[in-house]
Every structure is written in C-alpha cells, then in structure tokens.
Amino acid sequence: MGTSGPVVELRFAWRSVHGSYVTARFQAVIEGEDPVMRQFFCRLVTLLEVQIPEGLEDPVLTADRLRALEGKQVKVPEEALYGRTLSLKRETLTGGLRIPYFK
C-alpha cells in the first residue's frame, strides 16, 4: 500500500469484558485533516504490534481482528499523532456503533 502523506504511529487500547486491556500500534498515513475540530484522517497501513494479556479469551479482541484494520481509515484527534494511546470501545471493532469508527 503506498503512502500519500506523512507517516505516523497510532496507538489504540480496548478494554476486554474481563477488564484487562488489549493494545495495538499501527503505522498510518495522514490523508487529510479537519482543522476546525483538530482531527486528522489517517489510513492504517501496517499493524506493528499487538499486546494481548496472557490467557485472555475475548472473541472480539484478537490479533486477526486487529490485523483486519489494515487499510481502513480512521479519524483521530491531533494528540494521537504525538503518541497518545486512544482508549476505544470494543464496539469500534464489531460495527456496533451508529457511526463506524474504522471505515
């Protein structure tokens, strides 16, 4: 997948039904911005790392499901471009939100 803008690293965390967190780091490309809202449109290019607590069995928070986000677009706040981990709901991975987080 080619890059069309600056490359950044984005970090996400999802809390499992058991209370522990699954985290992921992605290499992403900035494709645009909304300067009024101070948000950026990024394309997730490569899953760099997934951390799943040992013994965690959550059918939504799997490495395969996170890898499936490669190629998707996401809108993130400016601070995400500078290393802030974004805490997300599990529903962002299941499509259970009214407005999809990953497109």
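## Position and surroundings of S16

S16 is located in the loop that connects β1 (7-15) with β2 (21-34). The model considered here is a predicted one. Although S16 belongs to a loop, the residue is buried, because its relative accessible area is 5% and the cut-off for burial is under 20%.

Leaving aside residues up to four places away in sequence, S16 is in contact with L56, D58, L61 and R90.

## Secondary structure

Five strands and two helices make up the secondary structure of the protein. Read from the N terminus, their order is β-β-β-α-β-β-α. The loop that holds S16 therefore lies between β1 and β2 of this series.

## Overall dimensions and packing

The protein has 103 residues and a radius of gyration of 13 Å; this agrees with a compact globule, for which a value near 13 Å would be expected at that length. The C-alpha trace extends over about 40 × 25 × 20 Å along its principal axes.

Buried residues account for 32% of the 103 in the protein. When contacts between residues at least 6 apart in sequence are considered, 61% of them link residues at least 24 apart.

## Surface and charge

The exposed area of the protein comes to about 6200 Å², of which 48% is supplied by carbon and sulfur atoms.

Among the side chains of the protein, 14 are positive and 13 are negative. The centres of these two sets are 5 Å apart.

Key
Residues numbered from 1 in each chain as written. Predicted model: local features only at pLDDT ≥ 70, side-chain atom pairs only at ≥ 80, totals over all residues. Heavy atoms only, no water. Helix = DSSP H or I, 4+ residues; strand = E, 2+ residues; numbered from the N terminus. Rg over C-alpha atoms; globule rule 2.2 N^0.38 Å. Buried < 20%, exposed > 50% of the residue type's maximum accessible area, 1.4 Å probe, protein only. Contact = heavy atoms within 4.5 Å. Areas by Shrake-Rupley, 256 points an atom, 1.4 Å probe, with all protein chains shown as cover. Lys, Arg positive; Asp, Glu negative; His and termini not counted. Charge placed at Lys NZ, Arg CZ, Asp CG, Glu CD.
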